[in-house]
Amino acid sequence: MKKTSLLALSAFILSANGAFASGGHIYANAVSSHNITAIQHSIMTTAMQTFEGTASAALGGRAHFVNQAESDKYKYGTIPMYGWPRMYGEYGDDGTMLADDAAKKQTGRNGGDTPEPEFKDPRPVINSAWINWQHISDNAHFTDFDSVDTDTDLIMFGLAGGEAQRGIGISEWGIFGGYVGGTQDNEYMNIDQGGGYVGLYTGYNIQNFNLSLAANVGALFNSTEHEYGIDDFTNSWAGAALNATYNIALDETFTIQPGVYAGYTWIGSADYVSLSGDEISNGNFNMFEVAPEIRAIKHIGRGWFGYLHFKYAFIMGTPGDVFVGGTLYDELDMRNYAEYGIGIEKSIDRFNVSLNINRRDGGRDGWNGGFNLKYIF
């Protein structure tokens, strides 16, 4: 019997739990790509929530900059009204305009050579810097394939700045990047992963409404150990996401924040010849995610804040086709999942520190948590 026929036959020999009885490592790329979709959710939501502001900022509403009239008041109030030559003109006591040199020597009512003060925007170009660590330990469930145990660590850093009044709202920008490392394993394979990413952020705030946009690119290097040996392959990705939230203040210490996250991720797959002798061709992934969320933020006292959150992530898209020796295998689909958790936060001088722990159930079940340190200039 031809080799491809044997492979095709093995694709339909299923164990009681729906996993392939052999050759499960052929789905290493699909497993890794689905994990990137989950990693993207953690990266993007962490970045956007950190850039949006602290829990205390959400509770009290972001401070608004002065409008133009207030800026003018600040500007003109720095020197005596009658000491500003440009305001009143360079005229002598007889009413004639003085030449430039004479005007500079004039010490009459125009105040002489008092220079116009330079108005300096009090806002720094860079207004905050932050670093974040997250650990994710969960079990990913697929259709017609064994679940996979996943352990992932994300280390992130970012800079925010450029806050400016835009119409009736405030805009800002940010940059972020980080490292991804982890493992994924089941009875057929063990995948060691390492990689990184960089991204850009922009946000717009109108009082209690905030809209955040982010985009990033990254790469993940994978080493899959299975019964035949070790296969190496690389995934690359590019993604974009938006997050919209609205703060509803119930009183001075308690705010409800409904929101929705929507993201798209393109994941480039790798083709390779496995040490098992299989020629594996993988299609690219196009994944969409929509996750409505609600957070409850409470000032506990003495500058301590606590928050609870619940979200439900809908996973959609087109997982890439898997061809083994020219034979098409079924795609792996991941189910939707829910996440809920708790966090605490404290500001000390210019530092803001927060901790959170979350539980996932559904298509992914397990625990994740993180630590964030932010410095506000």
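Reader: Which residue of strand 10 stands opposite Val273?

Author: This is a predicted model, where local features need pLDDT of at least 70, side-chain atom pairs count only at pLDDT 80 or more, and totals for chains, interfaces and linings use all residues. Residues are numbered from 1 along each chain as its sequence is written, and side-chain values use heavy atoms, without hydrogens or water. Strands here are DSSP runs of E, at least two residues, numbered from the N terminus. Opposite Val273 in strand 10 stands Glu279.

Reader: How many bridges join strand 9 to strand 10?

Author: Two strands pair if DSSP finds at least two bridges between them. Strand 10 covers residues 279-282 and runs antiparallel to strand 9. The number of bridges joining them is two.

Reader: Which strands stand at the edges of the sheet?

Author: The open sheet has four strands, antiparallel, in the order 9-10-13-14. Each edge strand has a single partner, so one side of each is left without a neighbour in the sheet. The edges are strand 9 (272-273) and strand 14 (327-329).

Reader: Is Phe371 buried, partly exposed or exposed?

Author: Phe371 lies in strand 17, residues 364-376. Buried means under 20% relative accessible area, exposed over 50%, partly exposed in between (1.4 Å probe, protein chains only). Phe371 has 32%, so the class is partly exposed.

Reader: What share of the contacts in the chain between residues at least 6 apart in sequence join residues at least 24 apart?

Author: Contact means heavy atoms within 4.5 Å. Counting pairs at least 6 apart in sequence, the share joining residues at least 24 apart is 64%.
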